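Welcome! Please take a moment to look over the model below, and then we will walk through a few of its inner spaces and helix contacts together.

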Amino acid sequence: MSKHSDLARDLFLEGYNCSQAVVLAFSDETGLDKETSLKMASPFGLGISKLREVCGAVSGMFMVVGLLNGFTDPTDKEAKNEHYKVIRKLAERFQEENGSIICKELLGLTGEKTPEGRPIMTKKPPCKDLVVQVSEMLDTYIEERKIEA
């Protein structure tokens, strides 16, 4: 495991959501301070605020890529298209390895709830492992960008 993946895993285990763990682990690369990293990523845990949509770890990965190499000129269609291409490639790789980028599918949620109102899962939550996986994907992405430069 890389330094970033170790840190992201530890942050997740401390109680930060998946997205926060990833974004904060890469603050040395993005230049964001701790508070900004945590606040920016805070809505994206549990598939965007418990909606169980796009995985929080995946959302965190996309935020880091955007901070590192996102586009800023709305008229630069080439930069926009290249950025979206990178994001799609990362999403496709994650989906190939995990079957989905959607939180409820990764958790195996049935749609049913316990008497206490908690969702019923058919799988052990893979969140810690997914935080590590996207951190490793980000490290590979960053290394490849350095080689290309």
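## The largest cavity

By class, five nonpolar residues and two polar ones line the largest cavity, with no charged residues in that lining. This is a predicted model, so please read every value here as computed from it. The residues around this space are C18, L46, G47, C55, G56, C103 and C127. Its volume comes to about 40 Å³.

How many cavities of 30 Å³ or more does a search of the whole structure find? There are two, and the other one is our next stop.

## The second largest cavity

The second largest cavity holds about 30 Å³ of space. Around this cavity you will find C55, C103, L106, L107, C127 and L130. Two elements give two or more residues each to this lining: helix 8, residues 103-107, and helix 9, residues 127-148. Which of the elements gives the most to the lining of the second largest cavity? That is helix 8, with three residues.

The lining of this second largest cavity has six nonpolar residues, and neither polar nor charged ones. If you compare the two lists, C55 appears in the lining of the largest cavity and also in that of the second largest. C103 and C127 likewise appear in the list for the largest cavity and in the list for the second largest.

## Helix 6 beside helix 9

Two packed helices are described by the angle between their axes and the distance between the axes. Helix 6 spans residues 56-69, and it packs with helix 9 at an angle of about 20°, the axes being 9 Å apart. An angle under 35 degrees counts as roughly parallel, and therefore helix 6 and helix 9 are roughly parallel to each other. Their crossing is right-handed.

On the helix 6 side, the contact is made by A57, V58, M61, V64, V65, L68 and N69. Helix 9 brings L130, V131, V134, M137, L138, Y141, I142 and R145 to this contact. Sorted by class, the residues of the contact between helix 6 and helix 9 are 13 nonpolar, one polar and one charged.

## Helix 1 against helix 9

Helix 9 also packs with helix 1, which covers residues 3-14; here the angle is about 150° and the axes are 8 Å apart. Why is helix 1 called roughly antiparallel to helix 9? Angles over 145 degrees count as roughly antiparallel, so the angle between helix 1 and helix 9 earns that description. Helix 1 passes helix 9 in a right-handed crossing.

From helix 1, the residues in the contact are H4, S5, A8, R9, F12 and L13. Their partners on helix 9 are C127, K128, V131, V132, S135, E136 and D139. In this contact of helix 1 with helix 9, six residues are nonpolar, three are polar and four are charged.

## Two residues to find

Try locating P126, in the loop between strand 2, residues 119-121, and helix 9. Setting aside neighbours within four places in sequence, P126 is in contact with L106 and L107, and these two residues also help line the second largest cavity. P126 and Y16 are 110 residues apart in sequence, while their C-alpha atoms lie 15 Å apart in space.

Next, look for F62 in helix 6. Which residues does F62 touch, not counting those up to four places away in sequence? They are I87, L90 and A91. Between F62 and S135 there are 11 Å from C-alpha to C-alpha, with the two 73 residues apart along the chain.

Key: Residues numbered from 1 in each chain as written. Predicted model: local features only at pLDDT ≥ 70, side-chain atom pairs only at ≥ 80, totals over all residues. Heavy atoms only, no water. 1 Å grid on protein atoms, 1.4 Å probe; cavity = no way out; pocket = protein on both sides within 12 Å on 5 of 7 lines; lining within 4 Å. Points joined across faces, edges and corners; volume = space filled by probe spheres on them. Nonpolar A, V, L, I, M, F, W, Y, C, P; charged D, E, K, R; others polar. Helix = DSSP H or I, 4+ residues; strand = E, 2+ residues; numbered from the N terminus. Axes fitted to C-alpha atoms, helices over the stretch in contact; angles between N-to-C directions. Parallel < 35°, antiparallel > 145°, perpendicular 65-115°, else oblique. Left-handed = near helix turned anticlockwise from the far one by under 90°. Contact = heavy atoms within 4.5 Å.
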